[in-house]
Amino acid sequence: MIAKVIVDVPANQTDRLFDYAIPKEWEEMIEPGMRVVVPFGPRKIQGFVISVVSESEHAKLKEISEVKDVTPVLTRELLDLGFWLTEKTLCYAVSALQVMLPAAMKANVTKTVVLGNKVNHEAAWVRMIENSGLKWDEFLSHFSHKELNRAIKNDELEVRYDVKEKTAPKTILSISAALTKDELRNEKEKMGNRAMKQQDIISFFLDNDGAISYKELMDVLDTTRSTIKSLVSKAILKEEEVELYRDPYKGRSFKPSEAMELTDLQKNAISPILESLENRQHGTFLIHGVTGSGKTEIYLQSIHRVLEQGKEAIVLVPEISLTPQMVTRFKSRFGSEVAVLHSGLSRGEKYDEWRKIHRKEVKVVVGARSAVFAPFTNLGIIIIDEEHESSYKQEENPRYHARDVAIKRGEHYQCPVVLGSATPSLESYARASKGVYTLIELLERVNKQAMPEVSIVDMREELRSGNRSMFSNELYDKLKVRLEKKEQTVLFLNRRGYSTFVMCRDCGFVVECPHCDISLTYHKMNGTMRCHYCGHEERFPSQCPECESEHIRFFGTGTQRVEEELTKILPEARVVRMDVDTTRRKGSHEKLLNQFGEGKADILLGTQMIAKGLDFPNVTLVGVLAGDAMLHLPDFRASEKTFQLLTQVSGRAGRHILPGEVIVQSYTPEHYSIEMAADHDFQSFYKREMVTRKQFGYPPFYFLAMVNVSHEELTKTVDVTEKITSFLKSKLSNASVVLGPVASPIPRIKDRYRYQCMIKYKTEPNLNDHLKEIQKHYSKDISRGGLQLTIDTQPYMMM
DNA sequence: AGCACGCCGACT
DNA sequence: GTCGGCGTGCTC
């Protein structure tokens, strides 16, 4: 039998199936979806079995050298999904398969130098290598390449390739009886009055069935490891390696929760989803539900029905470590049926959660983007919460959008896909309006709470009236009132676009990164300036490098500065600051939130990460310090993002009994995305923004594709982009627009120039073929000439 | 990608 | 002659 294998070599020339003979002893057990180790040229690498056939065009086939799995890690459905992804995103097949598995399962090839058949006892390495071998790098640190090659030719040395997993399952030694109970009694009697401790242990196994760890047994019987060991050596007991799960939520109890009675509105909302479940028919549903409208309860009850049907559920959330409250809700409702997959887990923990799904020990998975590939085989529903979030788009190969994958899987399993958001993406809302998706509107809060009052403060006015601080008078007054009333405030600083750059006051010189076309960011912590793109770091200059003036200062607003100013103007306020610096450590995120939730602080100050999912009853004021910060980014979605962010943030206020208030500070208060967010008016925003999109030919009216070119030399970069642009222009219809070549918004990163070509189109059935042709045409320049080419068939990042 | 093979200039 | 540089082509 022959296995068709995709090898783990992400390159243009190896992106196809290779045939391997299956050794007789494995013929029965090798199945598509298993990982194997195969000889590939002179080395050994990992691969995925795609199919098993009986004939091959190739006369001489090498044999599979190792089988890595007992059961396939990828089902037929996932294999097919992988090839679909490859076609859709123009990535290598291995990349598409790899992305569906936890990173821990990616192969790690190690090379070891070992003695060959003819041992040269004179050689200096003989003693160093002995029988265990020497790591490749280590060998080369002592000897030259030349020596190694000569020794290999002379058969004195050889190179062994080991394909290992990055993380092995954690195991623990457990003890159980090796004999039947009668035999145990027999053994015990034979001991007579001697070895009383050992007899105790035997008694224990007479009374208890199953296995126990060394540690537990030692604790229970107050005995030692050696006593147990001696029973093992007598073959009365036996040791066994048992796989252990690292449980990231260990030791935490989740209060069981019961389903809540749905309001009439919620009942209406859930019924089309339940209908789809009963009919076992795929459909995509967009729940447009304002913040606090009870979307989560609808998710929970839909899943409940799915579980009753004996099926499984996937719930995607933008970044789950950011919303421990969400995990808690799912764990309390479904208990141990839930696996959690998010970026806060270690590689090993993710691997363990994945195995729980693979072994069907759980029925629900809650996780970030990649959880959409959870290896369930009887999917009943896929839910994507905060559907509009850009983190559902992966910005590296394969550049997929979780929404598309979810719908693809939903079609396969004939099950509903539910998208939920208070601020749906224009793409989804347009599809729902056209009837492609079923629109479910939920425009009232569960407890009939009014939406918070939002007031926009014109910061230009503040400046004119002499207030140069980052807090407007209105915000300051309201902050003071909250402190007096012992209510809490969330202060939101959108840092993007407002980073702290360093500028000379005399000549206007701005310090830029020498490797990237971007200004350096000042870091107060160690008095340095750092580049956010390449990590370049230099000391804060004492004088301007350009005009030697000493009036060189940093400008802009970081959370640190806000905190400083806050303590200056409101010294009595207790502030919790949340940003990348304070949440780097594992679990610190949750700790800070708990601190705030327990009322140990008055003000929660943070960046994007506090914008969503938080729900604290005592928060009655939300302040947005720079509401328009994102508006000026070079991105056609800037208005949409601003609207979404402001709506999300305002939703943090007054979610319970106390009414909430929101203050948005802005330098462009009249912009429609800010005004309409303040009015909680999604409909108007949608209509207004659609006009702009139509006018400029952007989604959802046009599809986009983006080709990014990067090279160390500017001329090469421009030249390639130019050729690609004209090639596409010649191939595509006149109704399509090919823009380029233009420099990227950041024209140089890490000493590489960056150019791009954007394609706007309505229908181009052969676009992917043309793009593939470009990929193929430049494959040599990519593998040797140092050219980088990224093709995104659904771009979300314009930078 | 990674590695071998082969062709060419430099040097013992 | 031989070493090592890099361009080329192959991997079932």
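Where does C544 lie relative to β24 and β25? In this predicted model, C544 is found in the loop between those two strands, β24 (537–539) and β25 (552–555). The close-ups below start there and then move on to the DNA strands, the nonpolar cores and one glutamine.

**Close-up 1. Four cysteines that UniProt marks as a binding site.** An unreviewed UniProt entry puts the feature "binding site" at C504, C507, C544 and C547. They're spread over 44 residues of sequence, yet they cluster in space, with a largest C-alpha distance of 8.6 Å. C504 belongs to strand β21 (residues 501–504), while C544 sits in the loop between β24 and β25. Is C504 buried or exposed? Its relative accessibility is 1%, so C504 counts as buried. C544 also comes out at 1%, and therefore it counts as buried. Leaving out residues up to four places away in sequence, C504 touches F509, C544, C547, S549, H551 and I552. With that exclusion, C544 has contacts with C504, C507, F509, S549 and I552.

**Close-up 2. The protein around DNA strand B.** Here you'll find V9, P10, A11, Q13, T14, P42, R43, K111, Y161 and S783 surrounding the strand. By type, that surface divides into five nonpolar, three polar and two charged residues. Look at the atoms of DNA strand B within 4 Å of the protein: 55% belong to sugar or phosphate, and the rest to bases. On the base side, an N or O atom in the side chain of R43 is 3.2 Å from a base nitrogen. On the phosphate side, a polar side-chain atom of K111 lies 2.9 Å from a phosphate oxygen.

**Close-up 3. The protein around DNA strand C.** This strand has 15 residues around it, and the closest are D19, H58, K62, K146 and R784. Of its atoms within 4 Å of the protein, 38% are sugar or phosphate, with bases making up the rest. A polar backbone atom of D19 is 2.7 Å from a base oxygen, and an N or O atom in the H58 side chain is 2.7 Å from a base nitrogen. G41 uses its backbone too: one of its N or O atoms lies 3.1 Å from a sugar or linking oxygen of the strand. Two elements, β2 (17–21) and β3 (35–40), give two or more residues to this surface. The largest share, three residues, comes from β2. Sorted by type, the surface holds five nonpolar, four polar and six charged residues.

**Close-up 4. F373 and the nonpolar cores.** The largest nonpolar core has 88 residues, and L74, F373 and L604 have the most contacts inside it. Another core, of 30 residues, lies apart from it and includes L300, V327, V364 and L442. Skipping neighbours within four places in sequence, F373 is in contact with L78, L81, L85, V99, M100, Y400, V405 and R409.

**Close-up 5. Q756 and its polar partners.** Q756 is part of strand β32 (residues 752–761). With 9% relative accessibility, and the cut-off for buried being under 20%, Q756 counts as buried. Which side chains make polar contacts with that of Q756? One is N708, at 3.2 Å, and another is S744, at 3.4 Å. Beyond four places in sequence, the residues that Q756 touches include M706, V707, T721, L739 and M798. For a sense of scale, Q756 and I657 are 99 residues apart in sequence and 51 Å apart in space, C-alpha to C-alpha.

Methods. Residues are numbered from 1 along each chain as its sequence is written. Chains are lettered from A and ligands numbered from 1 in the order in which they are written. This is a predicted model: local features need pLDDT of at least 70, side-chain atom pairs count only at pLDDT 80 or more; totals for chains, interfaces and linings use all residues. Side-chain values use heavy atoms; hydrogens and water are left out. UniProt positions are given in the numbering used here, feature names are shortened, and annotations may be inferred rather than shown by experiment. Helices (H or I, at least four residues) and strands (E, at least two) are DSSP runs, numbered from the N terminus. Buried means under 20% relative accessible area, exposed over 50%, partly exposed in between (1.4 Å probe, protein chains only). Contact means heavy atoms within 4.5 Å. A residue is near a molecule or strand if one of its heavy atoms lies within 4 Å of it. A polar contact is a pair of N or O atoms within 3.5 Å; within protein, one must be able to donate a hydrogen and the other to accept it, and residues adjacent in sequence count only if both atoms are side-chain atoms. Ala, Val, Leu, Ile, Met, Phe, Trp, Tyr, Cys and Pro count as nonpolar, Asp, Glu, Lys and Arg as charged, and the others, Gly among them, as polar. A nonpolar core is a set of buried Ala, Val, Leu, Ile, Met, Phe, Trp, Tyr and Cys residues joined through side-chain atoms within 4.5 Å.
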